Structures are given as structure tokens and as C-alpha cells.
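Visitor: I'm a beginner at reading protein models. Please walk me through what's on the screen.

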Amino acid sequence: MLGLFGTLALGTRALSAQRQGIETAGHNLANVNNPAYTRQRIQLRTSNALPTSIGPVGTGVEVAALQQVRDGLLEARIASEGSVTGYWAAQQKSLQYGQAALGQEIDRQATGAEGAAAASATGSPLGLAESIQTLFDGFQSVATNPTSIADRQALLQKAKSLASKFNLTDQRLDQLHTQLDAQLADDVSDVNELLAGIAALNDDIGNAEVGGYGAANDLRDVRQEKINALAQLVRVDTAEDAVGNVTVSINGTTFVSGRERTDTLALYDAGGGQQLLRAATSGTALTLTSGAMQGTIDARDGALTTLRTDLSSLAALFITNVNAAHSAGFSLTGSTGAAFFTGTDASTMAVNATLAGNPSLFQAAGVSGASGDNQTALALAQLAQTRHAGLNQQTFQQHYGQTVAALGQSLATANEQSSDQSAVTRLLQTQRASVSGVSLDEEMADLLKFQKAFAASAKLITTVDEMLDIVVNLKR
């Protein structure tokens, strides 16, 4: 039999176990609004029985472990889907910046060569599409009244506006490229900081769990939060070893092993100013499949680079065709052979300064000495309807519209994928909350249950104490 002192020890163990239950419930309640927290619960077991003449006698209860309610597979899914979410969010943001660089909204429902022109016509009246049409309208106005200085001045002003918009759009896209590179550099710093943090937490967890005194649950929560944040930036593969260390790999290259960060992420110039990723120590180029960094790279080197290249090619062909038609004409003074535009592409396009300073030098006539002739001005106006081999048999307007529509389609895809991925993420977070989240009702019920058990254990100790007092006083 336990005897009075054994029963007193039983009550003490019970008191300690119920107190631990109250503390755990309180810890859960304190973290009810912490999204990274994983609910904990105490695991109770019957303490070792004592052998007696009447058989083994129970000695009460003790705390076996402080356990996290965690679904490892679900946590891995959240990290994996977080990489996909980060990828499409970065794509969406980068392409929205590209749309802003154009200075007009995009009708992303327009498709095809004919629908492309409509795709660019839904935005600001100050957009490139409108400026191209305005310039051709200006050529038509001069063709209608070839001797009007006012119409010529208006034409040259429209041409300056168009050239300026090509310049500004190219400049914005170039700045966007630089900004996206800067974003990648910031992300690299964040990734390396997270890798160092995970390695440090491996060390802290190992030190806290040495000797088998239980899991460092709160430190494990912090580490998982860093892994999820890392997965948002770059797709990672993780594995936990027998002693609780998490190994982190990116594209097959190990970056965290045990308690050490074995490599760091770095940017390198892959040629032509293209900034890509590699492992700094091993020098291994990394081919990523998801994560915000890869989303930024794909948007930068995909739709945005194509947009800038196509706009520059359009400007170059526009300059060539307008100059070819204009140089064959004659001005009001009889001069000929002058170029209408200078420059070779969107970044350098400008109106010939000589014409800009003297509108009478615009070569509207097709015959020398015929000031009222409009053949060249009319030919320039008709370029609006001309299909060009260099533009896949499209007009300038159609090609620009198709270029803008291609960006619009990429943005529409990113918007759709981002929306779908957000739904997946919400579903996984809901599932995690149902498994690992803190329920106020459940914790309050546990708190009441442990409180009652604590009071009962205290009553047991009080009763045994009274019995001991009686025994001690039997000799009196």
C-alpha cells in the first residue's frame, strides 16, 4: 500500500500535472491570434505502479510530454503552395508595373490581330495607340490643306508628342527592368537572412532538446514560420533528421545542413545584364520552378522584355517608313530629301529639329514647286492603313495593339492564377487552423477541466494532511 506519505506524493504529482495543463491551456489562449503558432497539449500517463502484497498499486499521474498538434504533411503542402503563390503574385505585380509603364489600361479580353487594336484603345487618351492615330490624322489634315502653316505646326507637335511617348515608354520599361533587378537583390538578402535564421534555430532547438527533455515547440514554430517565408521567395526542399535539424535545399543544392548555413544565394550576370541566381559558394546556377524570385525573373525576361523589344522594333520601322515617304517629297521652299524623324528606335526617336523649327520645310508635296500638291502628305497618311512585312502583314496600329494584348494576356493569366492560388492557400490555412489552430471554446473547456482537477488534487492533499495530523496526535 502507498500509505499516507505515498498518497501525499500521489496528490503532489496530480497537482503538478493539472497545473501544467492549466499553463498549457493558458499558453494556447495567449497565442490565439498568432498565425504561426501550433496548438500544444500535455500528454498524461499513469505513473509507475508500486508492487505490494495485494498487487501493483497505482501512484497517480505524471506529464509524459508537451506535444504539438501538427500535421507534417499539411505543413509541407502549405510551404509548397506558398512557393506557387509567391510566383504568381510576383508575376502579377511585375506585369501590372509594365501596364503602368504603357500609361493605359489593357482590355485583356481582346485577342488576335483584329482584336489587338481594340485592346489598346481602352486606356488613357494620352497612350501610344492614340498618339499614333493622332499623327496620321495630322498627316491627313496637311494633305487636306497642304499650304497651311498652322496645320503643319499642329502636325509637328503631334509628331513630337508621339516621339516623346515612345521615349518615355522605353525609359519606363528600362527603369522597371532596373527596379526588378533591385527587387531580386533585396530578395536575395532576405533569403540569406532566413537561411541563417533557420540554421541558428536548428542550433537553438538542438540545445533545448538535448538530453531528451521534450521538444522545443515554440522554437519549432518560429523555424517553420521562417521556412514558409523562405518558400514564398524560392522553392525549397526540407528534411528533418533524427535529432531535429532541418536540412534546406534549393534546386538540389544544400544551403542549410545541421546547424550551419553551408551556402548563400547570389545574383550573377548571365550576359547582356540579365541577372540570374546561383549558389555563391559552389557557383552552381539555379534553375528555379516557383517562388516570388522566379516569378519576377520570368516576368522581367518574358512578357516585359518582349514588350520593350516589340515597341522598339515598331518605333524603328515607323521611323524608317515615315522617313522614306517624307524624304521623297518637297517642302514649301522646294527643299527635299530631309528625314522627318531622327533616331533609330523607341529610345532615340525624335522629330527632325530643322523641321520643328520651320514647319514650311515639311515635305508635303510630291512635285517640286507645286506648293498646293499633297501627294507626299497623303502617302504619309495612308501609311496608317498599310500592312508591313516587318510587322507580320499588320498595320502599325494593329501591331501595337497585338503587342499590348500579349502583355494583357500574360497579366490576365497571372491574375487568374493568383486568384486560384489564393483560394488554395486559404483552404490549406483553414485546414491547418482546424488541426493546429487554437479554439477558444476548446481551451476554455480544458482550462475548466484542469482547474477542477487541480482543486480536487489540492483537496486530496488537504485530506491526507488532516489524516497525518490525526496520526501524529494519537499519542496525546
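**Turns and strands**

Visitor: In the hairpin of β5 and β6, which residue takes a positive phi?

Guide: Keep in mind that this is a predicted model. The β5–β6 hairpin has 2 residues between its strands. Look there for a positive phi near 60°, and you land on G258.

Visitor: And which residue takes a positive phi in the hairpin of β4 and β5?

Guide: Strand β4 covers residues 246–250 and β5 covers 253–257. That hairpin has 2 residues between its strands. The positive phi there is near 55°, and it belongs to N251.

Visitor: In what order do the strands of the open sheet come?

Guide: The sheet has 4 strands, and their pairing is antiparallel. At the edges sit β3 (237–240) and β6 (260–261), each pairing on one side only. Put β4 and β5 between those two and you get β3-β4-β5-β6.

Visitor: What is the bridge partner of V256 in β6?

Guide: V256 sits in β5, opposite V248. Strand β5 is also joined to β6, by 2 bridges, with the two running antiparallel. Follow V256 across to β6 and its bridge partner is R261.

Visitor: How many residues lie between β7 and β8 in their hairpin?

Guide: β7 is residues 265–269 and β8 is residues 275–279, paired in the antiparallel sense over 5 bridges. One of the bridged pairs is D269 with Q275. In the turn, G271 has a positive phi of about 115°, and the number of residues between the strands is 5.

**Helices and what they touch**

Visitor: How far does helix α11 reach from its first C-alpha to its last?

Guide: α11 spans residues 440–472, which makes 33 residues. At 1.5 Å a residue you'd expect 48 Å. The model comes close to that, at 47 Å.

Visitor: Which residues of α11 are buried?

Guide: Look for the parts of the helix that have something on top of them: the cover over its buried residues includes α1 (3–30) and β1 (40–46). Residues three or four places apart on an α-helix point the same way, because there are 3.6 residues a turn. The buried ones here are E443, F450, S457, V464 and L468.

Visitor: Why does N217 count as buried?

Guide: N217 is found in helix α6, residues 217–233. Beyond its neighbours within four places in sequence, N217 is in contact with Q40, L66, Q67 and Q68. Buried means under 20% relative accessible area, and N217 makes the cut because its value is 5%.

Visitor: How far apart in space are L201 and R220, C-alpha to C-alpha?

Guide: L201 has its place in helix α5, residues 149–209, and at 8% relative accessibility it counts as buried. Skipping neighbours within four places in sequence, L201 is in contact with L219, V222, R223 and K226. As for R220, it is 19 residues from L201 in sequence, while the distance in space is 7.9 Å.

**The whole protein**

Visitor: What is the radius of gyration of the protein?

Guide: There are 11 helices and 10 strands in the protein. The globule rule gives 23 Å for 476 residues, and the model is well over that, so the protein is more spread out than a compact globule. Its C-alpha atoms fill a box of roughly 145 × 45 × 35 Å along the principal axes. The radius of gyration comes out at 37 Å.

Visitor: What share of the residues is buried?

Guide: The outside first: the protein exposes about 22,500 Å², with carbon and sulfur atoms supplying 53% of it. On the contact side, among those with a separation of 6 or more, 67% are between residues 24 or more positions apart. Of the 476 residues, the buried share is 42%.

Visitor: Where is confidence lowest?

Guide: The average pLDDT is 91, and 95% of the residues score at least 70. Over residues 108–124, though, pLDDT stays under 50. Where pLDDT is low, the predicted coordinates should not be read in detail. Confidence is highest in strand β9 (residues 341–342), at 98, and lowest, at a mean of 39, in helix α3.

Key. Residues numbered from 1 in each chain as written. Predicted model: local features only at pLDDT ≥ 70, side-chain atom pairs only at ≥ 80, totals over all residues. Heavy atoms only, no water. Pairing = 2+ DSSP bridges. Expected span 1.5 Å × (residues − 1). Buried < 20%, exposed > 50% of the residue type's maximum accessible area, 1.4 Å probe, protein only. Contact = heavy atoms within 4.5 Å. Rg over C-alpha atoms; globule rule 2.2 N^0.38 Å. Areas by Shrake-Rupley, 256 points an atom, 1.4 Å probe, with all protein chains shown as cover. pLDDT = per-residue confidence, 0-100.
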